[in-house]
Amino acid sequence: MATSFQMSPQLEQIHGETRDNFRAIANGFQKLDKIKDLNRQSKQLEELTEKMRECKRLIKEFDREIKDEEGRNPPEVNKQLNDEKQSMIKELNSYVALRKTYMNTLGNKKVELFDMGAGASEPTAQENVQLASELSNQELINAGTKTMDETDQAIERSKQVVHQTIEVGTQTATTLKGQTEQMGRIVNELDSIQFSIKKASQLVKEIGRQVATDKCIMLFLLLIVCGVIAIIVVKIVNPKNKDIRDIPGLAPPAPSRRLLYVRTGQHFD
């Protein structure tokens with residue numbers, strides 16, 4: 001069934017797949033009337049059940065897309081999309097009721113219709129079939145809408161958890177980035193300290209060499225001074241020693257002199 005309004009590419013794809021499945025289901029029920037073997041009929045019903053499950057999944061996706069695009073579409077388009085969704089739900093429920101009729105005919109009432117999930121509180125496939133036959137179309141539509149709303153709420157909660165996880169991951173990445181930058185600065189400072197220590201070691205070695213050279217010079221000067229002092233002492237103690245030359249600038253010691261005096265009444269010849 002063609003629509004008289006424009007859909008987004010995603011909605012158009014989901015809508016097309018759903019309608020294709022509906023056509024396949026209708027053709028399957030037509031073929032079912034021609035099958036006489038009970039086993040083949042049961043197998044055909046199982047195949048149709050799988051297609052109904054697929055239609056249910058597609059309708060849920062169609063509803064989620066409608067809600068995602070609701071703010072971008074005009075009100076009349078949203079209304080037409082919701083009407084189309086309700087039409088597909090109604091058509092699916094009609095196939096559910098038709099399948100229930102064939103199930104009663106075959107006496108195979110234990111084949112599952114929809115996989116509603118595990119749990120004691122979930123309705124069984126047989127209860128779903130009975131419910132579909134007893135409720136009106138509007139009630140079936142409301143029940144299907146409620147189920148899809150509950151699924152949407154679960155998806156929204158999952159999205160919130162994912163969003164919170166992304167925020168925590170972003171904060172962690174920011175913290176790790178800051179710590180990485182800090183470690184980089186520490187490494188640079190360590191390199192600078194290592195370079196300064198290396199330069200200081202070279203300077204200490206240079207100073208050590210200079211100190212050693214200065215000590216040698218002072219020792220040599222000390223030896224010279226001691227030699228000069230020794231010579232002076234020897235010259236003073238033994239001035240007649242000719243083996244030691246006079247030190248330039250140092251006057252030899254004065255020779256001992258006898259004082260001559262003239263007695264009274266005497267004179268020099």
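Here are three short exercises on helices and salt bridges, each with a worked solution.

The model is predicted, so local features need pLDDT of at least 70, side-chain atom pairs count only at pLDDT 80 or more, and totals for chains, interfaces and linings use all residues. Residues are numbered from 1 along each chain as its sequence is written, and side-chain values use heavy atoms, leaving out hydrogens and water.

**Exercise 1.** Work out how helices α1 and α3 are oriented to each other.

*Solution.* Start with the angle: α1 (residues 9-34) and α3 (residues 75-106) pack at about 20°, with axes 12 Å apart. Next, apply the cut-off: angles under 35 degrees count as roughly parallel. Therefore α1 is roughly parallel to α3.

**Exercise 2.** Find which parts of the chain the salt bridge between Glu 91 and Arg 19 links, and decide whether Arg 19 is buried or exposed.

*Solution.* First, recall that a salt bridge is a side-chain nitrogen of Lys or Arg within 4 Å of a carboxyl oxygen of Asp or Glu. Glu 91 and Arg 19 meet at 2.4 Å, N to O. The pair joins distant parts of the chain, Glu 91 in helix α3 and Arg 19 in helix α1, 72 residues apart. Now use the burial scale: buried is under 20% relative accessible area, exposed over 50%, partly exposed in between (1.4 Å probe, protein chains only). Arg 19, at 7%, is buried, while Glu 91, at 22%, is partly exposed.

**Exercise 3.** Explain how Lys 67 and Asp 63 are placed along helix α2.

*Solution.* Their closest N and O atoms are 3.6 Å apart, forming a salt bridge. Because they are four residues apart in α2, about one helical turn separates them. Finally, Asp 63 and Lys 67 belong to a salt-bridge network with Lys 85 and Asp 152.

Key
Axes are lines fitted to C-alpha atoms, for helices over the stretch in contact, and angles run from 0 to 180 degrees between N-to-C directions. Helices (H or I, at least four residues) and strands (E, at least two) are DSSP runs, numbered from the N terminus. Angles under 35 degrees count as roughly parallel, over 145 as roughly antiparallel, 65 to 115 as roughly perpendicular and the rest as oblique.
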